[in-house]
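Biologist: Before we discuss this entry, I would like each descriptive word to be justified by a value and a cut-off. Could you show me the sequence and the model, and then take my questions in turn?

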Amino acid sequence: MVTDTAVEHAGAHDAHEEALGFWRRYVFSTDHKTIGIQYAITGLLFLLFGFTLMMLMRWQLAYPGRALPILGKLFGEARMPGGTMLPEFYNQLGAMHGTIMVFLGVVPLAVGGFGNFVLPLQIGAPDMAFPRINMASYWSYFVGGCVMLASFFAPGGAAQSGWTSYAPLSDIATAGQTWWLFGMVFLITSSLLGSINFIVTTLQLRAPGLGFFRLPFFVWAQLVTSFLLLLAFPPLEAAAFLQLMDRQAGTSFFLPSGLVVSGQVIAATGGGSPLLWQHLFWFLAHPEVYVLILPALGIVAEIVANNTRKPLFGYRSMVYAVVFLGFMSFVVWAHHMFITGMGTTMAAFFQTTTMIISIPSVVVLTCLIVSLWGGSIRFNTPMLFALGFLPMFGIGGLTGLPLGLSATDIHLHDTYYVIGHFHYVVAPGTIFALFAGVYYWFPKATGRAMSEALGKLHFWGSMVFMNVVFLPFFVMGLAGVSRRLYDGGASYAHAQHVLQWNQVSSIGAWCLALAQLPFIVNFFWSAFRGRRVGENPWEATTLEWAAPSPPPHGNFPRLPEAHRGPYEYSVPGSDRDYTPQWEPAGA
Amino acid sequence: MDIPYTVAVRPDTGLNNGKIAIWLFLASEVMLFGALFAAYVMLRVGSTSWPAGATYLNVSLATLNTVVLISSSVTMVLAWASLVRRDFSRFRLFLGVTILCGLVFLVIKYFEYSAKFHHGYLPRTNTFLAIYFTLTGLHGLHVIGGMTVNAWLWGPGSALWKTDPAHFTNRVENAGLFWHLVDLVWIFLFPVLYLL
């Protein structure tokens with residue numbers, strides 16, 4: 001509904017925006033778009049940093065014990081004496097690779113970045129419901145990230161008990177683990193503030209006419225994700241408090257009686273339960289898996305509908321599936337714990353719920369694949385990444401089934417097979433979707449398009465080398481190679497016939513890094529020199545494309561109104577192949 | 001730019017933004033304390049012996065504290081109700097009493113804690129005392145948090161009353177909802193730690 005006062009207000013705000021200084025405008029901004037871009041760029045940098053840690057580890061895995069030429073000297077005697085990596089440093093890299101990729105890279109980019117930038121625009125809102133809380137959310141994340149980075153310089157280095165921080169190992173680890181726990185408290189605070197904001201914004205600030213079944217699928221995905229973050233993170237916070245008590249106050253929440261370390265029974269009261277940590281951790285970390293994947297599905301759904309020029313197949317089924325998936329994700333966590341000795345009754349329950357939760361995932365993926373049927377597909381860069389996502393996520397999902405069954409999990413548990421499985425879900429899965437999203441919404445954020453040629457180079461390089469990196473993991477895992485070996489299995493007889501795959505995977509990882517160069521160049525070059533585009537370059541239907549590119553403070557010069565569902569492409573009888581949500585009927 | 005529905009309710013949801021936000025926050029708090037209570041159950045079930053609360057703890061002081069905290073919830077509601085009736089001075093009185101009750105609670109808690117330390121009962125003594133100190137310590141932080149918000153609404157934050165009374169009343173209501181949760185958590189903590 002447009003009124004004269006609304007237009008006057010928008011004008012007044014443009015003037016106001018000019019009045020804001022550099023710091024309030026670009027650094028301590030309360031504008032959801034600026035915060036979204038801050039989140040996205042910080043998240044991308046952390047992705048690059050986490051990937052760099054892994055490239056270092058891949059050297060040690062491919063050539064165990066051999067000095068890393070040139071670069072190896074830079075890390076000092078405490079980490080890589082003479083350029084050869086110490087096991088302690090390898091463990092730090094492993095723990096921090098996982099932590100950074102999940103909590104500082106993918107989630108901030110997928111939820112903090114895309115959620116913040118796109119969600120208010122897609123529902124036709126002027127901003128988030130709580131702009132200052134939104135700013136606090138970003139800065140809490142930023143502090144958490146700094147704490148994590150600083151932990152590398154703590155005495156004894158960063159956390160080294162894996163990203164899962166399993167007790168009792170983490171209870172008796174060096175000071176870096178305490179830094180890790182404090183860092184997590186900041187990250188949990190950040191996601192709490194963010195998720196409340198997302199839910200309230202979605203419920204309250206929808207444009208007139210935008211009922212729940214007219215919301216783009218991306219908004220639904222973010223809404224369910226926010227509920228998962230809101231309800232699943234607090235138990236990890238509780239676990240972090242308990243572990244802090246164990247480490248700082250000498251309690252024994254996670255220390256069993258008679259724990260022996262280096263041949264000595266340690267001085268602790270005991271009586272605690274290492275399994276308790278695993279329960280609390282996975283109660284968060286399984287929903288966290290869906291936090292990683294749901295925004296990606298949302299992004300892919302938008303891009304698939306836009307580039308097939310067809311409505312999504314089964315939009316309602318997808319919405320019901322994603323809500324059901326959200327509920328179910330709270331009752332599957334112990335499928336990560338089949339071989340902990342928790343008992344067959346528990347295992348039977350959790351393998352049943354795990355098989356049930358695979359159904360809505362398959363529903364969503366099937367709807368996306370069937371949506372391609374009969375479409376006149378435009379193979380632009382975002383669509384290529386979205387199309388690449390579908391089979392990669394499919395491989396990741398299907399290879400998860402043997403892990404979800406307690407019998408087959410006995411052989412596969414904690415092997416490279418597990419690593420292969422979840423990397424297919426998150427790396428060529430989610431990260432492809434995130435790249436697709438960057439290419440798709442870049443014109444909205446900057447008013448300029450990214451280069452298609454560099455984008456296609458980026459896609460094909462990434463597609464090939466992602467598989468070179470991760471396919472060998474299935475082979476090694478099926479041969480029984482454990483995931484946490486400092487020498488990549490070189491000292492194990494059963495691993496000898498698959499060791500050569502370590503080198504293939506490592507070379508793949510370094511080539512994958514080269515394949516990202518076109519993206520980095522494209523990102524910065526296009527931001528300043530890219531082709532200028534109008535407000536709706538993809539001829540899309542959802543509300544964010546009604547705003548100018550880039551949208552001003554307050555987003556819409558006239559508040560939009562939704563007149564139809566989100567994916568009215570190729571409507572019979574229409575003279576164009578898209579009918580935007582904001583166009584009145586009969587116009 | 002003005003965010004819609006900060007004070008007025010949105011017709012189709014029937015709520016304003018702050019009200020939804022505070023309930024979501026309370027839901028996450030329930031998950032936080034729920035996880036700790038679950039940890040308590042798992043530790044207790046897995047232990048070979050578990051002391052009765054009264055072995056270490058002072059039940060009568062805790063009973064007094066329960067009365068103090070429940071009274072503060074009543075005065076919190078009265079403070080909000082005074083604002084609804086547009087009686088600012090009574091609001092100040094009742095919110096002041098609420099803050100004082102919080103203070104009394106913390107002072108009593110301080111005496112309890114120092115008696116434990118005096119006897120050499122520390123978190124590291126056994127698992128019961130470990131969970132006792134963790135749960136009551138975290139609850140104590142929540143009491144301090146709630147008192148801080150209430151003190152702000154009693155003092156500088158109340159300036160909003162003059163410019164936007166409806167908005168201020170909503171803020172007091174939301175602070176009250178949080179205060180009730182703090183109260184409710186104690187009502188679970190008291191029997192679980194002291195009586196069972």
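Modeller: What follows is a set of questions and answers on the wording used for this predicted model.

Biologist: What makes the radius of gyration of chain A agree with that of a compact globule?

Modeller: For a chain of 587 residues the globule rule gives a radius near 25 Å, and chain A has 24 Å, so the two agree. The C-alpha atoms of chain A fill a box of roughly 80 × 55 × 50 Å along the principal axes, and the secondary structure of the chain comes to 17 helices and two strands.

Biologist: Why is B:Leu196 called exposed or buried, and where is it found?

Modeller: B:Leu196 lies in the segment after α7 of chain B. It has 10 other C-beta atoms within 10 Å, and because a residue with 12 or fewer is classed as exposed, B:Leu196 is called exposed.

Biologist: Which residues does B:Leu196 touch, leaving out those up to four places away in sequence?

Modeller: With those left out, B:Leu196 touches B:Gly53 and B:Pro191. The C-alpha atoms of B:Leu196 and B:Ala54 are separated by 8.9 Å, although these two residues are 142 apart along the chain.

Biologist: How do you know that the span of α7 in chain B is close to the expected one?

Modeller: Helix α7 of chain B, residues 165-195, has 31 residues and reaches 44 Å from its first C-alpha to its last, which is close to the 45 Å expected at 1.5 Å a residue. The helix nevertheless bends by about 25 degrees at B:Leu189, and a proline, B:Pro191, follows within four residues.

Biologist: What makes A:Ala433 stand out in the largest nonpolar core?

Modeller: That core has 229 residues, and A:Ala433 is one of those that touch the most other members, along with others including A:Val300 and A:Phe389. Leaving aside neighbours within four places in sequence, A:Ala433 is in contact with A:Ala296, A:Ile299, A:Val300, A:Phe385, A:Ala386 and A:Phe389.

Biologist: Which helix supplies the largest share of the side of chain A that touches chain B, and what is the make-up of that side by class?

Modeller: In all, 34 residues of chain A are in contact with 30 residues of chain B. The largest share of the side of chain A that touches chain B, ten residues, comes from α7(A), and by class this side has 21 nonpolar, eleven polar and two charged residues.

Technical notes. Residues are numbered from 1 along each chain as its sequence is written. Chains are lettered from A and ligands numbered from 1 in the order in which they are written. This is a predicted model: local features need pLDDT of at least 70, side-chain atom pairs count only at pLDDT 80 or more; totals for chains, interfaces and linings use all residues. The radius of gyration is taken over C-alpha atoms; the globule rule is 2.2 Å times the number of residues to the power 0.38. Two residues are in contact if their C-beta atoms, placed from the backbone, lie within 7 Å. Ala, Val, Leu, Ile, Met, Phe, Trp, Tyr, Cys and Pro count as nonpolar, Asp, Glu, Lys and Arg as charged, and the others, Gly among them, as polar. The expected span of a helix is 1.5 Å times one less than its number of residues. The bend at a residue is the angle between axes fitted to the seven residues ending there and the seven starting there. A residue is buried if 20 or more other C-beta atoms lie within 10 Å of its own, exposed if 12 or fewer, and partly exposed in between; C-beta atoms are placed from the backbone. A nonpolar core is a set of buried Ala, Val, Leu, Ile, Met, Phe, Trp, Tyr and Cys residues joined through C-beta atoms within 7 Å.
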